[in-house]
Amino acid sequence: MKPNTLAFKANASRALQDADLQHSMGRMRTHYVGSITNARAKLPEFEALRDAARDIKNHTLSHLDLYLEELERKVTEAGGHVHWASTPAEARNLIEAICRHANARTITKGKSMISEEIALNAHLEKAGFKVVETDLGEYLIQIRNEPPSHIIGPAVHLTRGQIEADFRRVHKHLPESRNITEPTALVDEARNVLREQFIAADVGITGANFLIAETGTSVIVTNEGNGDLTQILPRVHIVLATIEKVVPTLEDVSTILRVLARSATGQEISNYTTFSTGPKRASDPDGPAAYHIVLLDGGRTEILASEFREALNCIRCGACMDHCPVYHAVGGHAYGWVYPGPIGAVMTPALIGIGQARHLPHASSFCGRCEEVCPMRIPLPKMMRYWREHDYALAKRGELPQRALRYWAWLARRPGVYHRAFATGNRLLRLVSGAKGLPKSLPFAGGWTKHRDFPAPEPGGTFQTQWAKRQGRGA
Amino acid sequence: MSISEAEAAQRIERPRVGLFVTCLVDLFRPSVGFAAVKLLEDAGCLVEVPAAQTCCGQPAYNSGARGEAIGLARQTIAAFEGFDYIVVPSGSCGGMIKRHYPKLLEADAAWGPRAKAIAAKTYELVSFLADVLGVAKVEVAWTAKAAYHDACSGLRELGVREQPRKLLGSIAGMEIVEVADRDACCGFGGTFSVKYSDVSNAIVEDKTKRIADTGCNMLLAGDLGCLMNMAGKLSRDGRAIEVRHVAEVLAGQRDNPPIGGKP
């Protein structure tokens, strides 16, 4: 998908005016923050599990080459195939080739953020395949031709009314008389439509929450069961995953799963946690005839060697955006690419370049709640600050914020001048702040006074001035 | 044998405290500084305000101007390292010195250890009173129904949560109420509030609505930036809630008008 991140401010302003979106975001905030907080509080060892989960990923990333080779060995032993892709284009072409080789017509898909990242659907559709998203949220945004607005709830921005309207627009078979206003009726309608696709599909593509090196297994964590039907019913199962999804052992996955669902939906464990190893064996009642893993680097090696390395510990639970005041205010689409929220503000510049994404790491109040709730303890504000440093270094020296900052820093390095400047500033602010607050034309004040009154300084001069007087009096 | 921070403080007969005033208090609300001085002196400290202080460097640090931030960090360290303690009436500036200076100067053989040393003895005002000096109550009477807002840096970087509630709870006539989703940011975020003004506004609008929903007549917090943001919004929306820094109330300092003027 073409990034629209440079338009963040305009996107955000539009989002703030969107009544449907604001309604959905208000509901999602209350729901997620409450459920996740409760789930964490109920598990006394949650903090220790966070440490353990982070340590597992840190260890794995330090030996990534070894674990990836082990994964390939085990997948191959189980009768599957591993395909290595450096770039999104390579991954798309590999998947297209597998689908062609299988003489596929219909492809069902489980939820995969990497698929969004590499714009797989558009590629496969252009190649002539029928591609059907089977996760309810993904299906909804597919029929709306929208990107996901949340990494685990792609359609969290939609109201029930919007969903009903979309179904009536796309599902021509729906009699007008049928009532589909209730959530269960909407889900039933989606289920009926998708059931036919599950049966018709030749290839099923899923993502992977984890890849287990010791067994060559892909793991998906879902709530609807659609992922299982996607990977079991078709003749061919393709797993699309980036290289940082590997973990060493089944035991490791069990540990991380304990923080994942609690941080994602507030569940102790998701409805379905499914482990797939290789194609159908002779003794299996069902399963795909062929099993492929397309392992994409997609810039991860570069991230691994950078100060953003810990971002690769992300398990895509969404807790950072669920607790982010900026995300709550503007929703996921304002971020302009695939990954929204704090993790998006870190990953998007890494994947599409800071020049394309310079707003994202700046559009944060640095409240730190994302880091506080991240089950993997990823220091998200610190990483956004690193991106600000990159951006500052790249910015033209003549840009106003940079000039202002340098001038101010020069001043602050000269305490005597600084205190005199503050005393003058204090007097000027007193002078211009009448009952109406500051005029909107003062530099930098427009952004403030557009929405807020500007509290005038107290009378009597700066603290330093008053303190000096008090000391002079020998008080 | 290790000793607790409170025990260590008692061993220093009259601790010499360097007050880091902060830019916003210096420029906009000196009464917070004087309230801090009073609280510290009442608790037995000798308070000094080094004239060589300016800004802690956080605006530069958070804008990506690392070099400028390092210069200001060194200046602050040099001005304050001679004190027994450095106390800041702001979790934000306090967090900068305590949590970020050591990382900022980590690679600097000369300044790294000095940054660590100053970080170890730097505290946010209210947590210093409660945790280090062992202050358990204040002798103040002030009738109000007050919402206490946890400013983010103090809360998450310095663990300031229960200390202000406990001290405010000792004020005769003061009822403390909790705001729904109280850990949520007020939308200030320094330059964020002007750079992303519409987004910041949406956040503070939500916050002030939740504050008003408590039915409080007073709003308190430990960071002037957040207070000015919320006071500005409350005033614009015509909500009659008295906004003050927690230090002013703990010091019983009611002569000065609240932040943003009336009520």
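**Chain A: overall view and close-ups**

The accessible surface of chain A comes to about 20200 Å², and carbon and sulfur atoms account for 54% of that area. The model is predicted.

**Figure 1. Chain A as a whole, with its helices and strands.** The chain contains 23 helices and ten strands. Its C-alpha trace spans about 95 × 60 × 45 Å along the principal axes. Of its 475 residues, 57% count as buried. Among contacts between residues at least 6 apart in sequence, 73% join residues at least 24 apart.

**Figure 2. Close-up of the second largest pocket, with a volume of about 1400 Å³.** Of the 49 residues that line this pocket, the closest to its centre are A:Y32, A:I152, A:G153, A:P154 and A:E224. By class, the lining comprises 26 nonpolar, 16 polar and seven charged residues.

**Figure 3. Close-up of helix 2 of chain A at the second largest pocket.** Helix 2 covers residues 19-41. With four residues, helix 2 gives the most to the lining of the pocket.

**Figure 4. Close-up of A:G161 in helix 9 of chain A.** Helix 9 runs over residues 160-170. A:G161 has a relative accessible area of 45%. Because this value falls between the limits of 20% for buried and 50% for exposed, A:G161 is partly exposed.

**Figure 5. A:G161 and A:Y32 shown together.** The two residues are 129 residues apart in sequence. In space, A:G161 and A:Y32 are 21 Å apart, C-alpha to C-alpha. A:Y32 is one of the residues closest to the centre of the second largest pocket.

Notes. Residues numbered from 1 in each chain as written. Chains lettered and ligands numbered in written order. Predicted model: local features only at pLDDT ≥ 70, side-chain atom pairs only at ≥ 80, totals over all residues. Heavy atoms only, no water. Helix = DSSP H or I, 4+ residues; strand = E, 2+ residues; numbered from the N terminus. Buried < 20%, exposed > 50% of the residue type's maximum accessible area, 1.4 Å probe, protein only. 1 Å grid on protein atoms, 1.4 Å probe; cavity = no way out; pocket = protein on both sides within 12 Å on 5 of 7 lines; lining within 4 Å. Points joined across faces, edges and corners; volume = space filled by probe spheres on them. Nonpolar A, V, L, I, M, F, W, Y, C, P; charged D, E, K, R; others polar. Contact = heavy atoms within 4.5 Å. Areas by Shrake-Rupley, 256 points an atom, 1.4 Å probe, with all protein chains shown as cover.
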